[in-house]
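Student: I would like to go through this structure term by term. For each label, please set the value against the rule behind it.

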2 protein chains.
Amino acid sequence: MGLSERQQKIYEFISKFTRDKGRPPTIREIGGHVGISSTSVVNYNLNILAREGLIQREKEVSRGLRVVGQQAKQLLGEIATVQIPLLGKIAAGSPIPLPTEGMTKWDGEMVALTRELIPNEEGLFALQVKGDSMIDALINDGDVVVMKKQEAADNGEMCAVWLKDKNETTLKRIYREKNRVKLQPMNPTMKPFYADARDVRIQGKVMLVVRQLQKLPA
Amino acid sequence: MGLSERQQKIYEFISKFTRDKGRPPTIREIGGHVGISSTSVVNYNLNILAREGLIQREKEVSRGLRVVGQQAKQLLGEIATVQIPLLGKIAAGSPIPLPTEGMTKWDGEMVALTRELIPNEEGLFALQVKGDSMIDALINDGDVVVMKKQEAADNGEMCAVWLKDKNETTLKRIYREKNRVKLQPMNPTMKPFYADARDVRIQGKVMLVVRQLQKLPA
DNA sequence: CTTGACACAGAACAGGTGTTCATGGTATAA
DNA sequence: TTATACCATGAACACCTGTTCTGTGTCAAG
């Protein structure tokens with residue numbers, strides 16, 4: 001069922017007001033901004049919006065309004081986001097910075113991602129790649145890699161591994177064999193590489209890679 | 001200056017209440033849940049929280065509270081997000097789906113990203129890559145590519161181009177020369193490729209690439 | 001001890017706020 | 001015409017809500 005022009009204005013006002021002020025408007029605030037002198041008219045139209053499922057009302061509660069529905073999240077910016085600490089840069093040959101145990105609060109840069117992408121932020125941290133050393137992992141200069149700190153990994157998982165004999169960190173898919181480890185580059189056209197199990201140390205699992213091609217205007 | 005235990009409880013309650021109910025609590029609601037019978041005591045502590053910059057108060061307004069500060073966004077999930085329509089899959093050889101003019105509303109799948117990554121969603125759409133055909137663009141099977149629809153591009157920009165003679169779409173960095181176009185794969189170790197300017201048709205600019213390594217548990 | 005800052009309790013007040021009622025206009029269908 | 005649903009107006013009521021005032025107790029500095 002279609003909404004009257006008045007109802008649309010009311011709905012839009014509620015959305016805007018809630019987003020701007022951090023709280024829903026009162027009936028009289030709605031009336032004042034939409035051009036309705038009577039509170040009962042606003043109340044009447046609010047009930048219609050509630051019936052249409054566009055808002056929720058809580059009875060006998062001041063500002064007991066709430067915008068709901070699919071657009072609401074977008075409208076209010078209410079989609080759950082996750083903050084991940086950006087621990088630093090990662091370059092070829094250098095050991096990657098790992099989160100320390102006592103690191104509860106990180107006051108440096110953070111990367112915000114939607115929970116749609118990252119359901120669980122536990123043990124997660126982000127690194128920005130410097131240089132072309134990870135091209136064979138399909139990761140370019142400037143890419144941001146989100147990793148989960150862990151020292152074990154299932155076969156086939158993409159991991160950051162420290163190669164003791166080569167003294168460098170690479171990102172590879174990992175497959176354990178008897179007493180060696182198969183390290184498969186992410187690029188499926190490339191050949192795998194084998195290393196002694198004792199020389200391989202898993203530092204974390206790669207969860208997500210974000211590549212931003214266009215830099216933002218500052 | 002440190003907060004008393006009571007003030008911490010109040011602050012946490014305000015955050016939780018606002019997130020859950022979509023509106024800030026009243027003074028009496030705070031008192032009731034924190035175990036304070038007097039409204040003036042709550043008011044007293046709220047003023048302290050306001051002085052410490054943890055909340056903002058609006059005078060003589062019901063529920064005139066607002067959690068502010070860095071953690072607030074995280075706490076309330078208030079970080080601005082952008083919704084981008086996921087138009088479909090893109091495979092080797094097939095033309096990529098482009099947004100049509102009259103496409104104002106898209107009822108299909110959407111990709112949510114933070115505005116930190118995508119400042120302006122105008123003309124943006126997302127595609128999921130199927131297959132390994134874009135390996136030389138450092139894009140893998142399953143990656144999500146966010147593009148902006150446009151037919152022109154500055155030199156060096158990463159674009160989706162339609163090659164008329166080869167009858168396929170590829171992602172390349174584009175450099176216009178006299179009457180030919182240099183198409184440079186994103187992989188810097190690969191050699192560029194030249195095409196006749198008339199055979200090249202720009203379909204859009206690549207803004208962002210997201211690669212999700214670990215699939216979410218459904 | 002006195003003073004003052006701090007934290008708290010209780011009560012009262014004025015205005016804000018959701019709700020409800022009586023009323024009336026307008027359009028459409030019977 | 002009558003009936004009915006819809007939309008709107010204005011007013012009144014009861015409760016909610018922020019504010020303010022008085023008073024009490026504690027604790028450290030003077």
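Tutor: We can start in the loop between β5 and β6 of chain A, where Leu138(A) is found. Keep in mind that this is a predicted model.

Student: Why is Leu138(A) called buried?

Tutor: Buried means under 20% relative accessible area. Leu138(A) has 0% relative accessibility, so Leu138(A) counts as buried.

Student: What is the phi of Leu138(A)?

Tutor: Phi of Leu138(A) is near 60 degrees, a positive value in a residue other than glycine. Arg63(B) also has phi near 60 degrees, and Arg63(B) is likewise a residue other than glycine. Arg63(B) sits in the loop between β1 and β2 of chain B.

Student: How do you know whether Arg63(B) is buried or exposed?

Tutor: The relative accessible area of Arg63(B) is 6%. The limit for buried is under 20%, so Arg63(B) is buried.

Student: What makes the pair of Glu29(B) and Arg63(B) a salt bridge?

Tutor: The rule asks for a side-chain nitrogen of Lys or Arg within 4 Å of a carboxyl oxygen of Asp or Glu. In the pair of Glu29(B) and Arg63(B), the closest N and O atoms are 2.9 Å apart, and the pair forms a salt bridge. The pair links distant parts of the chain, with Glu29(B) in helix α2 of chain B and Arg63(B) in the loop between β1 and β2, 34 residues apart.

Student: Why is Glu29(B) not given the label of its partner?

Tutor: Partly exposed lies between the limits of 20% and 50%. Glu29(B) has 22% relative accessibility and therefore counts as partly exposed, whereas Arg63(B), at 6%, counts as buried.

Student: Which salt bridge does Asp143(A) form, and where are its two residues?

Tutor: Asp143(A) meets Arg211(A) in a salt bridge at 3.0 Å, N to O. Asp143(A) is in the loop between β5 and β6 of chain A and Arg211(A) is in strand β11, 68 residues apart. Both Asp143(A) and Arg211(A) are buried.

Student: How do you know that Asp20(A) and Arg19(A) form a salt bridge?

Tutor: The closest N and O atoms of Asp20(A) and Arg19(A) are 4.0 Å apart, and the pair is counted as a salt bridge. The cut-off is within 4 Å. Asp20(A), at 38% relative accessibility, counts as partly exposed, and Arg19(A), at 41%, is partly exposed. Lys16(A), Arg19(A) and Asp20(A) are linked in a network of salt bridges. Over all chains, the count by this rule is 18 salt bridges.

Student: Why is Lys172(A) called buried?

Tutor: Lys172(A) has 7% relative accessibility and so counts as buried, the limit being under 20%. Lys172(A) belongs to strand β8 of chain A. Leaving aside residues up to four places away in sequence, Lys172(A) touches several residues, among them Asp136(A), Glu157(A) and Leu183(A).

Student: What makes Val111(B) buried?

Tutor: Its relative accessible area is 11%, so Val111(B) is buried. Val111(B) lies in strand β4 of chain B. Beyond residues up to four places away in sequence, the contacts of Val111(B) include Glu116(A), Val82(B) and Ala126(B).

Student: Why are the two chains said to be related as by a two-fold axis?

Tutor: A rotation of 180 degrees with 0.0 Å of shift along its axis superposes chain B on chain A, with an RMSD of 0.1 Å. The two copies are thus related as by a two-fold rotation axis. The same surface serves both copies, since 100% of the contact residues of chain B recur in chain A.

Student: What makes the approach of Ser40(A) to DNA strand D a polar contact?

Tutor: An N or O atom in the side chain of Ser40(A) is 2.6 Å from a base oxygen of DNA strand D, and the cut-off is within 3.5 Å. Ser38(A) has a polar side-chain atom 2.9 Å from a base nitrogen of the strand. For Arg57(B), the partner is a phosphate oxygen of DNA strand D, at 3.1 Å.

Student: Which element gives the most to the surface near DNA strand D?

Tutor: α3(A) gives the most, with six residues. The residues of this surface divide into six nonpolar, eleven polar and six charged.

Definitions and conventions. Residues are numbered from 1 along each chain as its sequence is written. Chains are lettered from A and ligands numbered from 1 in the order in which they are written. This is a predicted model: local features need pLDDT of at least 70, side-chain atom pairs count only at pLDDT 80 or more; totals for chains, interfaces and linings use all residues. Side-chain values use heavy atoms; hydrogens and water are left out. A polar contact is a pair of N or O atoms within 3.5 Å; within protein, one must be able to donate a hydrogen and the other to accept it, and residues adjacent in sequence count only if both atoms are side-chain atoms. Helices (H or I, at least four residues) and strands (E, at least two) are DSSP runs, numbered from the N terminus. Ala, Val, Leu, Ile, Met, Phe, Trp, Tyr, Cys and Pro count as nonpolar, Asp, Glu, Lys and Arg as charged, and the others, Gly among them, as polar. Buried means under 20% relative accessible area, exposed over 50%, partly exposed in between (1.4 Å probe, protein chains only). Copies are superposed by least squares on the C-alpha atoms of residues with pLDDT of at least 70 in both. Contact means heavy atoms within 4.5 Å.
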